[in-house]
Amino acid sequence: MENRLISIKNKAVEALLSIDQMTDLNNLKASFLGKKGEIAELMMGLKDLSNEEKPKVGKLINETKQVLEALFEEKKAQIEAKEIAIKLEKEAIDVTLPGIKKEIGTAHLLSQIVEDLEAFFIGLGYEVKEGPEIETDHYNFEMLNLEQGHPARAMQDSFYIDPNRLLRTHTSPVQARTMLQSEGKPIQIICPGKVYRRDDDDQTHSHQFMQVEGLVIGKDISMANLKGTLLAFIKHFFGKDREIRLRPSYFPFTEPSVEVDVFSEDGRWIEVLGAGMVHPNVLKMGGYNPDEVQGFAFGIGVERLGILKYAIDDIRQFYTNDLRFLKQFKGGR
Ligand code: DAH
């Protein structure tokens, strides 16, 4: 019997050496110490022994059982320690590693320019208005003295949605909308926004661009007010005196009309806006009496301003979202 017990013990020691998983350990333990394990089997055999032998053999079996239990306990502790070590290693957070940097963007250059213009004109007492980008033929053209079939409509080849609605070709319809809302009271507004024309995109043309419309209506408003306002604005925007010139032009909604050019750094005159005295027909349609009040209006091309100020070589740069371009302008908000 003693030999049998020794061999069981050796078998257990050897088996324990070859495992390192808790489930294997549990299985192994069951095969030695479980209800149907080797030790239990030996205990069962006790009943066949004589009364004399029983206590002696029983004691031997019990001693072996205790040794085995101690061995299994020890192995269990080892496996647990190892599992904890592995877990710690896997889940470790190295607080000394650099974090993931979140890049903070900037306002788009066009937004920066518009915000600058808004700040300037608000300072002169203007209000900022908005109008819809899907506009009716009525407001985009008719209310601006461009009746059906007017040749100037063709200059603004348009995206029509149906015969009566189109993507606005300029921000000027906001003039008409504001006049109707203001019911004959004085007006001093700007309206920044996107406008659309059917154009083949190239270095200087984009089918979508931005304008800032301006409208001032009141008593004794003259061309001198318009010129003074524009000069002050150009000086503010470029941060120094730039030469500008007012060129006689034609817009159906102003009379007289001018185009304003700014002298560029490479020695060219570049058109940045159209302007003029609000046409009497436009005042009338808007509910104002042209014999009592006058007004001036202007429409600034936002991209043109940016191109001039920052010497940008291609209008498409504003719309292609190339970060190498955009990141050069970190001003704004
Ligand atoms: N709406 C014109 C355009 O898109 C620009 C313009 C010219 C606006 C003269 C005005 C203005 O308010 O008075 O080309």
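By class, the shell around the ligand in this predicted model is made up of nine polar, five nonpolar and two charged residues. That makes 16 residues surrounding the ligand, and the closest of them are H170, S172, Q175, R197 and E213. As for where the ligand ends up, it sits in the largest pocket. Three elements give two or more residues to the shell, namely β6 (208-218), β9 (269-278) and β10 (294-301).

A few polar contacts can be picked out at the atom level. E213 puts a polar side-chain atom 2.6 Å from an oxygen atom of the ligand. S172 also works through its side chain, where an N or O atom is 3.0 Å from a nitrogen atom of the ligand. With F298 it is the backbone that takes part: one of its N or O atoms lies 3.3 Å from a ligand oxygen atom. As for how much of the ligand is covered, the ligand taken alone exposes 360 Å², and the protein buries 93% of that area.

Zooming out to the whole fold, the protein chain has twelve helices and ten strands. Its radius of gyration comes to 44 Å, whereas the globule rule gives 20 Å for 333 residues; the value is well over the rule, so the chain is more spread out than a compact globule. The extents of the C-alpha trace can be set beside that figure: along the principal axes, the trace of the protein chain spans about 140 × 45 × 35 Å.

Note on methods: Residues are numbered from 1 along each chain as its sequence is written. This is a predicted model: local features need pLDDT of at least 70, side-chain atom pairs count only at pLDDT 80 or more; totals for chains, interfaces and linings use all residues. Side-chain values use heavy atoms; hydrogens and water are left out. A residue is near a molecule or strand if one of its heavy atoms lies within 4 Å of it. A polar contact is a pair of N or O atoms within 3.5 Å; within protein, one must be able to donate a hydrogen and the other to accept it, and residues adjacent in sequence count only if both atoms are side-chain atoms. Accessible areas come from the Shrake-Rupley method with a 1.4 Å probe; for residues, only the protein chains shown count as cover. On a 1 Å grid over the protein atoms alone, a cavity is a set of points where a 1.4 Å probe fits but cannot get out, and a pocket is an open set with protein on both sides within 12 Å along at least five of seven lines; lining residues have an atom within 4 Å of a point. A molecule sits in a cavity or pocket if more than half of its atoms lie within 2 Å of its grid points. Helices (H or I, at least four residues) and strands (E, at least two) are DSSP runs, numbered from the N terminus. Ala, Val, Leu, Ile, Met, Phe, Trp, Tyr, Cys and Pro count as nonpolar, Asp, Glu, Lys and Arg as charged, and the others, Gly among them, as polar. The radius of gyration is taken over C-alpha atoms; the globule rule is 2.2 Å times the number of residues to the power 0.38.
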